[in-house]
Amino acid sequence: MLRRLIALRIRGLFASASKPNAKGKKRSPVPLILLFAFLGLYVGGVFLGLFATIFGVTGPLFVATGEPWGYFALASTVAAVLMFAGSIIFTQNQLYEANDNEFLLSLPISPRLILASRMFFLLIVNYLFEAVVMLPALIVWLFFGPISATGVIFSLLLTLMLPFPVLALSCLFGWVLARISSRIRKKQLVVLILSVAFFLLYFYFIGKLDTLMEGLVDADIARFTAVLRKILPFAVFGRACTGDFLSFLLFTAFSALFFFAVYRWLERTFFRTVLAKPAARRVEYREKKEKAASPLRALTMRELRHLTSSAGYMLNAGIGLLLILLVPIMLLIKGVNFGQIIAEALPELSRFSSALPVLALTASNVMAALVIFSACTVSLEGKNLWIVRTAPVPTRTVLLSKILFHLIPTLPVMLLTGILYSLSQGFDLPTLLLLLLALSGFSVFMALLGLFMNLLLPKLEWKNEMVPIKQGGAVALTLLIGAVAAGLPGVGLIFLSLLLPGWVALLLHFLLFFGVSAALFAWLMTSGVRRFEAL
């Protein structure tokens with residue numbers, strides 16, 4: 001039965017790729033598999049090269065100090081962190097939020113087997129993450145490390161054992177999250193906050209990677225080894241990889257006991273954790289008068305409520321709103337003024353200062369092109385499209401609500417970005433006003449472009465709302481056209497601002513997108529209305 005459950009899980013991964021299309025023909029999953037294989041090889045190759053470089057630099061330092069175990073302690077620590085961070089993304093969905101959990105629990109199948117089949121998939125994921133770190137670590141060690149038959153055998157066996165305690169820890173963490181989420185009401189808000197925090201932490205780590213490596217090379221390696229010695233499981237792992245038999249037994253026993261204990265706990269709690277319902281607030285009925293709202297306002301609020309109820313929707317469609325603010329906030333905090341830097345360091349290039357407002361505009365627009373609310377709002381109607389189609393509301397009002405829905409969160413962020421750039425770079429008031437006008441014009445353009453593309457390429461048949469958000473053709477083309485529209489005119493206007501005053505370039509940018517937006521709006525209110533009514 002366990003083998004069948006594992007096979008069923010693997011087939012389920014490719015079920016969506018081979019489901020019948022609109023004409024009833026079954027699609028082959030081979031192209032999708034090849035695409036993911038290519039992307040996996042590319043990303044894996046990049047990380048293999050990165051870790052090979054890191055271990056090539058740090059390895060000889062550990063050998064020179066006479067404590068080579070520190071090399072494997074470092075490698076196992078990095079591998080464990082990567083496995084935990086990578087598998088925790090899947091743990092919650094695979095164990096406790098899988099769509100077929102309740103169906104399988106209703107069958108005469110032991111929860112132990114269901115849990116084992118889920119954990120087997122997570123174990124494979126952990127092995128993939130581990131290979132990215134441990135494979136280059138073991139290969140690099142062959143070039144400069146002391147080699148022994150015992151050390152080689154122990155290293156290979158321990159590499160196979162390392163994912164088990166990490167898997168147990170990630171599953172235990174997933175259980176804690178599942179129990180917490182069953183007791184909170186605003187689950188999506190918590191998920192959004194944690195996801196944004198992880199996203200910012202990831203970029204901070206990537207930005208500091210070179211500094212950390214330089215600090216490791218320049219620092220006293222003995223002090224770094226002293227830190228690794230305090231991380232007991234990984235210190236034991238490192239000593240075992242150098243051939244220490246007692247350390248090998250200790251790490252093996254620890255891995256087996258910890259994994260078995262966590263597995264037994266999850267087995268005992270799996271049934272009630274899966275069936276636990278989120279906490280519901282007791283509402284006391286109070287009679288009150290409902291304020292009348294116009295159809296446009298009601299439809300717009302409907303779209304906003306849908307957005308705030310889904311963390312995945314907010315992250316995937318609105319991540320650009322976070323990225324827009326990152327650069328101006330960093331410039332303001334660090335007090336970086338490019339105009340002053342150019343004037344003091346390179347006075348002969350002072351004319352480049354006139355291009356700074358257009359450069360700020362272009363950088364903001366590139367990030368704003370990642371905001372795709374309007375590009376999927378029609379597709380997200382899905383099987384509920386008949387509700388707005390049969391409502392006694394003009395179709396133009398429906399389309400206007402989708403445009404406003406895109407602009408309500410986007411416009412304030414764009415205006416705030418312009419103000420932050422002005423504060424950090426010292427733009428004068430006329431330049432600031434024109435910058436805000438140009439930023440607003442591009443925001444309106446993206447709202448109209450997204451709705452235009454979504455009406456041309458709607459994706460109304462889906463089971464998970466992430467499908468039209470991540471895989472819709474309208475989303476892909478909106479991202480592509482938006483990036484080109486933000487980059488090409490921006491680069492051209494940057495060069496133009498070297499010859500003419502900066503305010504001229506900003507004004508031309510606004511007039512360009514005002515004209516394109518007017519044409520898109522005219523199409524949406526005429527042909528777009530007919531196209532929406534024909535869906």
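In the predicted model, helices α19 and α22 are roughly parallel to each other. Helix α19 spans residues 429–456 and helix α22 spans residues 502–533; their axes come within 8 Å and cross at roughly 25°. This angle falls in the roughly parallel class because that class takes angles under 35 degrees. The crossing of α19 and α22 is left-handed. Sorted by residue class, the contact between α19 and α22 comprises 24 nonpolar, 5 polar and 1 charged residues.

Helix α19 also packs against α21, a helix that covers residues 473–496. The axes of α19 and α21 are 9 Å apart, and the packing angle is about 150°. The angle makes α19 roughly antiparallel to α21, since angles over 145 degrees are placed in that class. The crossing of α19 and α21 is right-handed, whereas that of α19 and α22 is left-handed. On the α19 side, the contact is formed by Phe442, Phe445, Met446, Leu449, Gly450, Met453 and Asn454. Their partners in α21 are Ala474, Leu477, Thr478, Ile481, Gly482, Ala485 and Ala486. By class, 10 of the contact residues are nonpolar and 4 are polar, with no charged residues. The spacing of such residues can be read against helix geometry: an α-helix has 3.6 residues a turn, so residues three or four places apart point the same way.

Two of the residues in this contact, Met446 and Gly450 of α19, are also touched by Ser374. Ser374 belongs to helix α16, which consists of residues 373–376. With a relative accessibility of 1%, Ser374 counts as buried, the cut-off for that class being under 20%. When residues up to four places away in sequence are left out, Ser374 touches Lys402, His406, Met446, Ala447, Gly450, Leu451 and Asn454. Ser374 and Leu451 are separated by 77 residues in sequence, yet their C-alpha atoms lie 5.0 Å apart.

Lys402, one of the residues touched by Ser374, also takes part in the contact between α12 and α18. Helix α12 comprises residues 295–308 and helix α18 comprises residues 395–425; their axes come within 8 Å and cross at roughly 50°. The two helices are therefore oblique to each other, and their crossing is right-handed. Helix α12 contributes Pro295, Leu296, Leu299, Thr300, Glu303, Leu304 and Leu307 to the contact. The α18 side consists of Thr397, Val398, Leu400, Ser401, Lys402, Leu404, Phe405 and Ile408. The class count for the contact of α12 with α18 is 10 nonpolar, 3 polar and 2 charged residues.

Two consecutive positions in α21 were examined individually. Gly492 lies in this helix and is partly exposed, with a relative accessible area of 40%. The C-alpha atoms of Gly492 and Ala505 are 9.3 Å apart, with the two positions 13 residues apart along the chain. Leu493, also in α21, is buried, with a relative accessible area of 10%. Leu493 touches Val358, Ala505, Leu508 and His509, not counting residues up to four places away in sequence. For the pair Leu493 and His509, 16 residues apart in sequence, the C-alpha to C-alpha distance is 7.7 Å.

Helix α10, residues 232–241, has 7 of its 10 residues buried, so this helix is largely enclosed by the rest of the structure. The buried residues of α10 are Phe234, Ala235, Val236, Phe237, Gly238, Ala240 and Cys241. Gly243 follows α10 and has a positive phi, near 105°.

Over the whole protein chain, the secondary structure comprises 22 helices and 0 strands. The chain has 535 residues, of which 42% count as buried. Of the contacts between residues at least 6 apart in sequence, 85% join residues at least 24 apart. The exposed area of the protein chain is about 29200 Å², and carbon and sulfur atoms supply 71% of this area.

Methods
Residues are numbered from 1 along each chain as its sequence is written. This is a predicted model: local features need pLDDT of at least 70, side-chain atom pairs count only at pLDDT 80 or more; totals for chains, interfaces and linings use all residues. Side-chain values use heavy atoms; hydrogens and water are left out. Helices (H or I, at least four residues) and strands (E, at least two) are DSSP runs, numbered from the N terminus. Buried means under 20% relative accessible area, exposed over 50%, partly exposed in between (1.4 Å probe, protein chains only). Contact means heavy atoms within 4.5 Å. Accessible areas come from the Shrake-Rupley method with a 1.4 Å probe; for residues, only the protein chains shown count as cover. Axes are lines fitted to C-alpha atoms, for helices over the stretch in contact, and angles run from 0 to 180 degrees between N-to-C directions. Angles under 35 degrees count as roughly parallel, over 145 as roughly antiparallel, 65 to 115 as roughly perpendicular and the rest as oblique. A crossing is left-handed if the near helix is turned anticlockwise from the far one by less than a right angle, and right-handed if clockwise. Ala, Val, Leu, Ile, Met, Phe, Trp, Tyr, Cys and Pro count as nonpolar, Asp, Glu, Lys and Arg as charged, and the others, Gly among them, as polar.
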